[in-house]
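Please examine the model shown below. The paragraphs after it lead from the overall fold to individual side chains.

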Amino acid sequence: GTRGKAPFEAVLTHGFVLDEQGRKMSKSLGNVVAPQEVTEKNGAEILRLWVAGSDYGDDLRIGPEILKHQIDLYRRLRNTLRYLLGNLAGFSEEERLPHAEMPELERWVLHRLAELDGVVRRAVEDFDFNALFTALHTFCAVDLSAFYFDVRKDSLYCDRSDAVARRAARTILDELFSCLTAWLAPVMCFTAEEAWLARRGQEADSVHLRLFPEIPAAWRDDALAAKWRKIRALRRVVTGALELERENKRIGASLQAGPTVYATEDYVEAMRGLDLAEIAITSSATLVAGAAPEGAFTLEDVAGVGVVSALADGSKCQRCWRVLPDVGSVAGHEDICGR
């Protein structure tokens with residue numbers, strides 16, 4: 001029954017691949033998805049992502065909505081590479097900061113890369129591409145876009161070029177670029193090559209001639225990871241409180257806020273030496289050891305943390321967008337803060 005058909009088309013029409021409703025594909029139902037059409041319309045990367053993200057232990061499903069989901073995932077990964085390229089412009093080895101001199105947040109990212117290195121290598125050895133793709137996408141979407149990039153954008157855009165925090169952040173972006181272009185290359189073949197050559201130059205060797213980077217053992221720090229799980233849990237409560245304020249039209253951006261956060265001693269200890277406003281992306285923030293007052297915002301799954309929302313004091317800096325008391329304190333620069 002497959003005479004005259006390409007192998008992939010034969011698979012699509014004989015039960016290995018189903019449509020979104022779980023029906024076999026047939027021309028009579030008009031539900032056949034031809035790989036050539038997907039490639040022409042959406043590009044070969046989308047088809048590769050569908051394959052990599054599929055559980056081949058069961059019948060596979062494909063259709064317009066499933067492909068749309070893959071397109072959204074692809075854009076998120078591609079935007080991660082674009083963000084790295086944009087913020088690494090002009091980076092040099094002189095700017096690189098040693099691991100021991102990095103702030104905790106950067107050392108946490110390196111720990112996550114060390115964890116992912118193990119996941120990636122096991123997944124490739126086991127041909128478990130679904131696990132590989134899921135781990136990389138979750139890392140880019142949750143750990144980077146929604147957390148690390150969000151926190152560090154202020155330092156990248158506003159700090160002096162020789163500031164420790166900015167140098168550390170750019171060093172981390174360079175390590176991320178090295179790892180992600182190698183790890184994504186087997187699936188996002190064109191995109192990884194495009195990103196690699198955009199930074200290294202068209203005369204550079206192909207990304208597909210690289211090996212996976214060797215991750216230093218010193219990057220692994222389980223104690224630091226446990227500490228930052230607590231910090232991110234606390235941050236999640238603050239983010240929830242700010243979202244409620246935004247819904248009720250009391251603030252627009254989170255930088256208009258200056259919340260007070262009440263927390264148990266273990267959270268206070270985890271935050272020691274760190275800037276809560278920087279991590280929560282508010283203009284100011286006060287951390288108080290103790291029980292939250294009645295009416296404070298809480299989350300059921302984060303016991304011991306409550307947030308009382310308030311507006312930050314001061315005026316908005318037109319450069320960093322923080323609301324600060326010292327905006328206009330420097331003569332001739334009435335619309336920006338002291339920094």
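The description that follows begins with the whole chain and ends with its salt bridges.

This is a predicted model, in which local features need pLDDT of at least 70 and side-chain atom pairs count only at pLDDT 80 or more, while totals for chains, interfaces and linings use all residues. Residues are numbered from 1 along each chain as its sequence is written, and side-chain values use heavy atoms, with hydrogens and water left out.

The protein has 11 helices and seven strands; these are DSSP runs numbered from the N terminus, helices being H or I over at least four residues and strands E over at least two. Of its 339 residues, 44% are buried, where buried means under 20% relative accessible area, exposed over 50%, and partly exposed in between (1.4 Å probe, protein chains only). The accessible surface comes to about 17,700 Å², and 52% of it belongs to carbon and sulfur atoms; such areas come from the Shrake-Rupley method with a 1.4 Å probe, and for residues only the protein chains shown count as cover. Among contacts (heavy atoms within 4.5 Å) with a separation of 6 or more, 70% are between residues 24 or more positions apart.

The interior is described next. A nonpolar core is a set of buried Ala, Val, Leu, Ile, Met, Phe, Trp, Tyr and Cys residues joined through side-chain atoms within 4.5 Å. The largest one holds 79 residues, of which Leu 84, Tyr 148, Leu 176, Leu 180 and Leu 234 touch the most other members. Its largest share, 12 residues, comes from α6. A second, separate core of six residues includes Cys 317, Leu 324, Val 327 and Cys 337. Helix α3 (residues 44–52) is also mostly covered, with seven of its nine residues buried; Trp 50 and Glu 45 are among them.

Helix α6 spans residues 129–158 and contains Phe 129. Phe 129 is partly exposed, at 32% relative accessible area, and forms a nonpolar surface patch with Tyr 56 and Phe 127, about 350 Å² of accessible area together. Patches are made of residues with over 30% relative accessible area and no salt bridge, like charges being joined within 9 Å and nonpolar side chains (Val, Leu, Ile, Met, Phe, Trp, Tyr) within 5 Å.

Which polar residues of α6 are buried? His 137 lies in this helix and is buried at 13%, as is Arg 152, also in α6, at 4%. A polar contact is a pair of N or O atoms within 3.5 Å; within protein, one must be able to donate a hydrogen and the other to accept it, and residues adjacent in sequence count only if both atoms are side-chain atoms. The side chain of His 137 makes one with that of Arg 76 (3.0 Å), and the side chain of Arg 152 makes one with that of Glu 278 (3.2 Å).

The structure contains 29 salt bridges, each a side-chain nitrogen of Lys or Arg within 4 Å of a carboxyl oxygen of Asp or Glu. Lys 68 pairs with Asp 72 at 3.8 Å; because they are four residues apart in helix α4 (residues 64–87), about one helical turn separates them. Asp 301 and Arg 236 meet at 3.1 Å. Asp 301 lies in the loop between β4 (286–289) and β5 (305–308) and Arg 236 in helix α9 (residues 222–247), so this pair ties together parts 65 residues apart in sequence. Salt bridges with shared partners also join Glu 93, Arg 96, Asp 174, Glu 175 and Arg 199 into one network.
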